[in-house]
Amino acid sequence: MPPVDIQADRQMDLLAAAVTTCATGRSAVKIRDFVRETGLDRRDITPALRFLTDTGLLTSGPAGWTPTVSGVRVGQLWTANREAARTVFGEVWRDSWVYQLLIDSVHPGVALSADEIAKAMRPYRTSQLTPWVHLVDWLELARYVERDDDGHLRLSQAASAGAGAEKATHGKEEDDEPQTPAPDTSSPQLGLVLPLSMDQLLHLSAEDYGAVMRSLATIYDVLSRQRA
């Protein structure tokens with residue numbers, strides 16, 4: 001989840017800094033480079049980098065952080081033309097779990113507040129709402145939701161159209177699948193990390209536990225298709 005102490009556009013500055021630094025021939029970017037390039041506090045940078053990595057814009061390794069192909073496309077534009085960068089960002093982020101969770105949680109045409117979208121997307125009712133509200137800032141940045149004159153948010157036309165296409169394609173795939181169970185084939189694990197501790201998981205109600213599992217299933221489905 002995105003950190004709550006730094007705005008989405010400032011987190012995007014980190015991506016731009018990674019692209020700029022690696023363009024000089026560096027193979028990876030370290031924390032001190034991000035501090036120098038953005039002026040952000042070190043304690044804010046680390047969770048922001050984790051979020052950028054989890055959503056496919058950066059990769060991390062022992063040497064530091066490196067922008068992905070998608071991250072380069074967005075980061076190169078961010079410093080020159082933010083509106084164009086937002087358009088590209090919306091395109092590349094359709095492969096992320098965030099987009100899939102949004103279109104599975106919010107119906108097209110329905111006017112909602114940021115809190116209501118956050119509540120619809122969070123995996124269980126007892127989770128903290130604030131990080132999910134900050135995620136809505138990213139949805140606006142990607143132009144997945146649009147704000148009307150009254151301050152309410154709706155799925156954008158592009159996101160709504162994409163949601164329809166995703167569901168139609170997914171439905172066709174299910175229709176085309178054979179009815180007999182597919183053979184069990186080994187595949188690398190996707191490394192999903194639960195958005196809560198084991199202690200929190202044990203104390204969930206049956207309803208909240210089911211909601212967590214459904215959200216994780218959605219994320220797993222998106223990642224599986226990316227790795228296929």
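Start by selecting serine 127, which sits in the loop between helix 7 and helix 8 (130-141). The model on screen is a predicted one. Serine 127 counts as buried because its relative accessibility is 10%, and the cut-off for buried is under 20%. Show its side chain: a polar atom there lies 2.8 Å from the backbone oxygen of tyrosine 124. Then display Arg122 and Trp132, the residues that serine 127 contacts once neighbours within four places in sequence are set aside.

**The whole chain**

Zoom out to the full protein chain, which holds 11 helices and 4 strands. Of its 228 residues, 41% are buried. Among contacts with a separation of 6 or more, 62% join residues 24 or more positions apart.

**A loop residue on the outside**

Next, select histidine 107, in the loop between helix 6 (97-105) and helix 7 (114-121). Is histidine 107 buried or exposed? It counts as exposed, because its relative accessibility is 56% and the cut-off for exposed is over 50%. Add arginine 154 to the selection: 47 residues separate it from histidine 107 along the chain, yet the two C-alpha atoms are 8.5 Å apart.

**The nonpolar core**

Now show the side chains of Phe34, Leu49, Phe89, Trp93, Ile117, Trp138 and Leu139. These touch the most other members of the largest nonpolar core, a set of 51 residues. Helix 1 (residues 8-22) is the top contributor to this core, supplying 8 residues.

Stay with tryptophan 93 and colour what surrounds it. Leaving out residues up to four places away in sequence, tryptophan 93 touches Phe51, Thr55, Leu57, Val98, Tyr99, Trp138, Ala142 and Tyr144. One of these, Trp138, was also in the previous selection of core residues.

**Helix 1 against helix 3**

Select helix 1 together with helix 3 (residues 42-54). Their axes are 10 Å apart and they pack at an angle of about 75°. Helix 1 is therefore roughly perpendicular to helix 3. On the helix 1 side, the contact is made by Gln11, Leu14 and Leu15, and on the helix 3 side by Ile45, Ala48, Leu49, Phe51 and Leu52. By class, the residues of this contact are 7 nonpolar and 1 polar, with no charged ones. Two names recur from earlier stops: Leu49 from the core selection and Phe51 from the surroundings of tryptophan 93.

**Helix 1 against helix 4**

Keep helix 1 on display and replace helix 3 with helix 4 (residues 69-78). What is the angle between helix 1 and helix 4? It is about 105°, with the axes 8 Å apart, so helix 1 is roughly perpendicular to helix 4. Helix 1 brings Asp9, Met12, Asp13, Leu15, Ala16 and Val19 to the contact, and helix 4 brings Gly71, Val72, Val74, Gly75, Gln76 and Trp78. The residues of the contact of helix 1 with helix 4 are 7 nonpolar, 3 polar and 2 charged.

**Last stop: aspartate 9**

Finally, centre on aspartate 9, which lies in helix 1. Aspartate 9 counts as partly exposed because its relative accessibility is 31%. Which residues does aspartate 9 touch, not counting those up to four places away in sequence? They are Trp78 and Arg82, and Trp78 belongs to the helix 4 side of the contact just visited. Add aspartate 137 as well: 128 residues separate it from aspartate 9 in sequence, and the C-alpha to C-alpha distance is 8.9 Å.

Technical notes: Residues are numbered from 1 along each chain as its sequence is written. This is a predicted model: local features need pLDDT of at least 70, side-chain atom pairs count only at pLDDT 80 or more; totals for chains, interfaces and linings use all residues. Side-chain values use heavy atoms; hydrogens and water are left out. A nonpolar core is a set of buried Ala, Val, Leu, Ile, Met, Phe, Trp, Tyr and Cys residues joined through side-chain atoms within 4.5 Å. Buried means under 20% relative accessible area, exposed over 50%, partly exposed in between (1.4 Å probe, protein chains only). Helices (H or I, at least four residues) and strands (E, at least two) are DSSP runs, numbered from the N terminus. Contact means heavy atoms within 4.5 Å. A polar contact is a pair of N or O atoms within 3.5 Å; within protein, one must be able to donate a hydrogen and the other to accept it, and residues adjacent in sequence count only if both atoms are side-chain atoms. Axes are lines fitted to C-alpha atoms, for helices over the stretch in contact, and angles run from 0 to 180 degrees between N-to-C directions. Angles under 35 degrees count as roughly parallel, over 145 as roughly antiparallel, 65 to 115 as roughly perpendicular and the rest as oblique. Ala, Val, Leu, Ile, Met, Phe, Trp, Tyr, Cys and Pro count as nonpolar, Asp, Glu, Lys and Arg as charged, and the others, Gly among them, as polar.
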